[in-house]
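Could you walk me through this structure, step by step and in plain words? I'd like to see which parts touch which, and where the charged side chains pair up.

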Amino acid sequence: FNAFIIANSIIFGAIGIALENEVEVIPIWIICVVGFLITFFWLISTKRGFEAIEYWNCSAREIEEKILGKKEYYNLFIRGEKYFKLNQQVKFAFGDKNETLLQRGCLTRCIPLHTRWTAYLSIGIIMALYLIILLATVG
């Protein structure tokens, strides 16, 4: 994730310098195409990451249902769903130790954004910027 952000920052910086100085060592359209491709690979790897998380969640659910039974698992699921919808903290007890997780920020309290779609939207905006710059410089 961080590597893709840094790569895009460098590419946008190179585009800005090239546009400001009107000196093109590498044509801007090539820089835009490279940036778009890097961002496309970022989108693919992000999608794959969310698929892996979904796989592990489903695997854990399958094990929990086998161990706890469907009724107990359902109660566990409902507890988490209730807290997620209310944007509250979820508390867990591990032996004699308590853990508090999932305190969300103020934005998600007002607008229920899902991480997956927020990531896709952010990457899509960057891809759109490359296309806009490409069309502006070629046209």
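Let's start with Ile11, which touches Ile31, Val34, Gly35, Ile38 and Tyr130, leaving out residues up to four places away in sequence. Touching, or contact, means heavy atoms within 4.5 Å. Before we go on, keep in mind that this is a predicted model, where local features need pLDDT of at least 70 and side-chain atom pairs count only at pLDDT 80 or more, while totals for chains, interfaces and linings use all residues. Residues are numbered from 1 along each chain as its sequence is written, and side-chain values use heavy atoms, with hydrogens and water left out.

Ile11 also belongs to something bigger than a handful of contacts. The largest nonpolar core has 13 residues, and those with the most contacts inside it are Ile11, Ile15, Ile28, Cys32, Tyr130 and Ile133. A nonpolar core here is a set of buried Ala, Val, Leu, Ile, Met, Phe, Trp, Tyr and Cys residues joined through side-chain atoms within 4.5 Å. As for "buried", that means under 20% relative accessible area, while exposed means over 50% and partly exposed is in between (1.4 Å probe, protein chains only). Which elements give two or more residues to this core? They are α1 (2-21), α2 (28-68) and α5 (115-138). The largest share, six residues, comes from α5. These names come from DSSP runs numbered from the N terminus: helices are H or I with at least four residues, and strands are E with at least two. In soluble globular proteins, nonpolar side chains tend to be buried together.

Now take a look at α1 itself. Its 20 residues should span 28 Å at 1.5 Å a residue, and the end C-alpha atoms are indeed 28 Å apart. (The expected span is 1.5 Å times one less than the number of residues.) Its buried residues are Asn8, Ile11, Ile15 and Ala18. They sit on the same side of α1, because they cover an arc of only 90° around the axis, where the arc is that of the directions from the helix axis to the C-beta atoms. An α-helix has 3.6 residues a turn, so residues three or four places apart point the same way. Flip to the other side of α1 and you find Asn2, Ile6, Ile10, Ile17 and Glu20 exposed. What do the buried residues of α1 pack against? Look for α2 and α5. Right after α1 comes Glu22, whose phi is positive, near 55°.

Next up is α5. This helix has 24 residues and reaches 35 Å from its first C-alpha to its last, close to the 34 Å expected at 1.5 Å a residue. Its buried residues are Ala119, Tyr120, Ile123, Ile126, Met127, Tyr130, Ile133 and Leu134. What covers them includes α1 and α2.

You can see α2 and α5 meeting at a couple of spots. Thr46 is in α2, and it is buried, with a relative accessible area of 16%. Setting aside residues up to four places away in sequence, Thr46 touches Ala119, Tyr120 and Ile123. Phe50 is found in α2 too, and counts as buried at 16% relative accessibility. Leaving out neighbours within four places in sequence, Phe50 is in contact with Thr115, Arg116, Ala119 and Tyr120. Phe50 and Arg116 are 66 residues apart along the chain, yet their C-alpha atoms are separated by 7.0 Å.

What about charges? Side chains of opposite charge can pair when their charged atoms come close. A search of the whole structure finds three salt bridges, each being a side-chain nitrogen of Lys or Arg within 4 Å of a carboxyl oxygen of Asp or Glu. Lys47 pairs with Glu51, the closest N and O atoms being 2.4 Å apart; both lie in α2, four residues apart, about one turn of the helix. Arg48 also forms a salt bridge with Glu51, at 3.9 Å between the closest N and O atoms. Arg48 counts as exposed at 55% relative accessibility, whereas Glu51 is partly exposed at 32%.

The side chains of Glu54 and Arg116 meet in a salt bridge as well (3.3 Å, N to O). This pair links distant parts of the chain, with Glu54 in α2 and Arg116 in α5, 62 residues apart. Back in α2, salt bridges that share partners join Lys47, Arg48 and Glu51 into one network.
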